[in-house]
Amino acid sequence: MSDDTPGHKGPMNGYGCSPWRRSVGGVTPIERTPLLDARTLDRETARGLPPGPRWPMAVQTAIFANHRKWLFPRLRQRYGDVFTVRLVPGGRVVVVLSRPDHIREVFAGPANVLHTGEGNTVLAAIMGENSLLILDEDDHLRMRKQLMPAFHGQALRGYQNLVAELADAATADWPVGIPFRLHDRMRALTLEVILQVVFGVTDEHRLAELRPLVGRVVRVNPVIMLGAFYPRLLRYPPWRRYIGIQTELDRILYDEIAARRDNADLAERTDVLSRLLQAGTWTDAELRDQLVTLLLAGHETTATSLAWAFHELARRPDLLRKAQAAADTGDHAYLDAIGKESLRRRPVIYQVGRRLTASYQVAGYTLPRGTTVMPAIGLVHADPEQYPDPDDFRPERFLGDHPVPPSSWIPFGGGTRRCLGAGFSLMEGTEVLRAVLCRYDVRPRRYEPEPARALNVTQVPARGCEVLVSPRR
Ligand code: HEM
């Protein structure tokens, strides 16, 4: 999930206790590893890097930003399993990996050499400096350990009923016979799940206050993120408005945290926030930062993976019928396989990143300190050596006696940074598939495959996954 970015330090900006102040004010304690800069590389170091294109960095960056699904397979074909790209800002050297055994060397490598948080520091402006996503080493492990109990099997089973209820309610009144963008519906549903199951807010008045705020906070985009690099921008309307919304959301989150701490029924509550309070020792700011992290990491990703799953199913009436039968009989294994094959065929996050804090050997190359290594999830998932006929959507790959090796299926990344919400999103996916498939026949507006479009770090259906539904006979 890494969108590597250079350091940013600037003057205090006077935004109260907003994370923009905490991060832009330069209080973030992480010691940065200088990026390996392609513009100043000596010849010997450059010769030791894997091969890659010689195009201008701006060109490589522009294609990477918008068309990496097109670019990476071509570079792999031309330069082999390991190749180097050079990206602005900073002229950073990025070594892309496409083979499971090479990627394993990264996921299983030492956390003090392979930093993830460093590449995400720009997110501190929104998620806060305690966010799991921006921490590394001991701070990361400590925070992750505190969060884990709320994402284990038993906790997940505790969330399942409420997720099922929300999925049923959100899909009960879909428009019949009129095309609509299923991705938008999935976004609204996954937001509701975060509000009620993760934040634990069920009071209708509070929900009505929260919905528009979270809906706008999650619509963060690269333009808003520029404010983290150029604090002077924060005075102007788009940034000022965004910070205003975020401050309002924070006020409600801090209120909720305080109320939950005082709640006599805390031990009986089963939402994520209550479980975190039961299991760990937290400051209010730490909790706020993790809640915003879970919101931003878990909302668009899960909505997108569901939109892709329905896109694939809707175009394959044979599979749709099988999936409906599985939903009717409660065959969770088949629904789970649909979710997994969908994440294989249409990975929501195409690549992850690690920044080397010391020289490190990967794929037979000794890469210098400051290099970004990038396991390319999308390349592994589209490799015919890993998946015969990779363009075919075949849930059966994930059923039967020959399970897919864990190192070949990596939609959630891996190692100590593997997605914390992987089990949660698979459970949510199964419940949403069940709710829709029990009720509707689904067909696409157009039968041709929908292209993917880059939206921040995700690859979303370019036309929003337009479908038509009709009640099942
Ligand atoms: C289909 C849905 C999802 C996908 C595809 C996805 C994918 C990912 C990926 C690729 C990473 C980075 C892993 C790495 O660097 O090795 C990640 C990290 C993370 N995800 Fe997810 N995610 C999904 C849903 C969720 C949900 C529902 C939540 C929480 C409710 C969540 C919370 C997180 C967190 C907190 C991290 C940071 C973990 C760490 O740094 O230790 N994700 N996710």
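**Exercises on a predicted model**

In strand S8, Val373 is the bridge partner of Arg354. The model is a predicted one.

**Exercise 1.** Determine how S5 and S8 are joined, and place them in their sheet.

*Solution.*
Step 1. Strand S5 covers residues 354-356 and strand S8 covers residues 372-375; the two run antiparallel and are joined by two bridges.
Step 2. The sheet is open and has five strands, in the order S1-S2-S8-S5-S3, with mixed pairing.
Step 3. S1 (82-87) and S3 (114-115) each have a single partner strand, so these edge strands each keep one side without a neighbour in the sheet.
Step 4. Helix H3 (residues 57-79) packs on the sheet and touches S1, S2 (92-97) and S8. The direction of H3 makes about 170° with that of S1.

**Exercise 2.** Identify the residues closest to the ligand and describe polar contacts made by its oxygen atoms.

*Solution.*
Step 1. The ligand is surrounded by 25 residues, of which the closest are His140, Arg144, Arg354, Arg417 and Cys419.
Step 2. From an oxygen atom of the ligand, a polar side-chain atom of His140 is 2.7 Å away. For Arg144, a side-chain N or O atom lies 2.7 Å from a ligand oxygen atom.
Step 3. Gly414 contributes a polar backbone atom, 3.1 Å from an oxygen atom of the ligand.

**Exercise 3.** Explain why Cys465 forms no disulfide, and state whether Cys465 is buried or exposed.

*Solution.*
Step 1. A disulfide requires two cysteine sulfur atoms within 2.5 Å.
Step 2. The cysteine sulfur closest to that of Cys465 belongs to Cys438 and is 19 Å away, which is too far for a bond.
Step 3. The count of disulfides is zero.
Step 4. Cys465 is buried, at 1% relative accessibility, whereas Cys419 is partly exposed, at 33% relative accessible area.

Terms used. Residues numbered from 1 in each chain as written. Predicted model: local features only at pLDDT ≥ 70, side-chain atom pairs only at ≥ 80, totals over all residues. Heavy atoms only, no water. Buried < 20%, exposed > 50% of the residue type's maximum accessible area, 1.4 Å probe, protein only. Pairing = 2+ DSSP bridges. Helix = DSSP H or I, 4+ residues; strand = E, 2+ residues; numbered from the N terminus. Contact = heavy atoms within 4.5 Å. Axes fitted to C-alpha atoms, helices over the stretch in contact; angles between N-to-C directions. Near = heavy atom within 4 Å. Polar contact = N/O pair within 3.5 Å; in protein donor to acceptor, adjacent residues only side chain to side chain.
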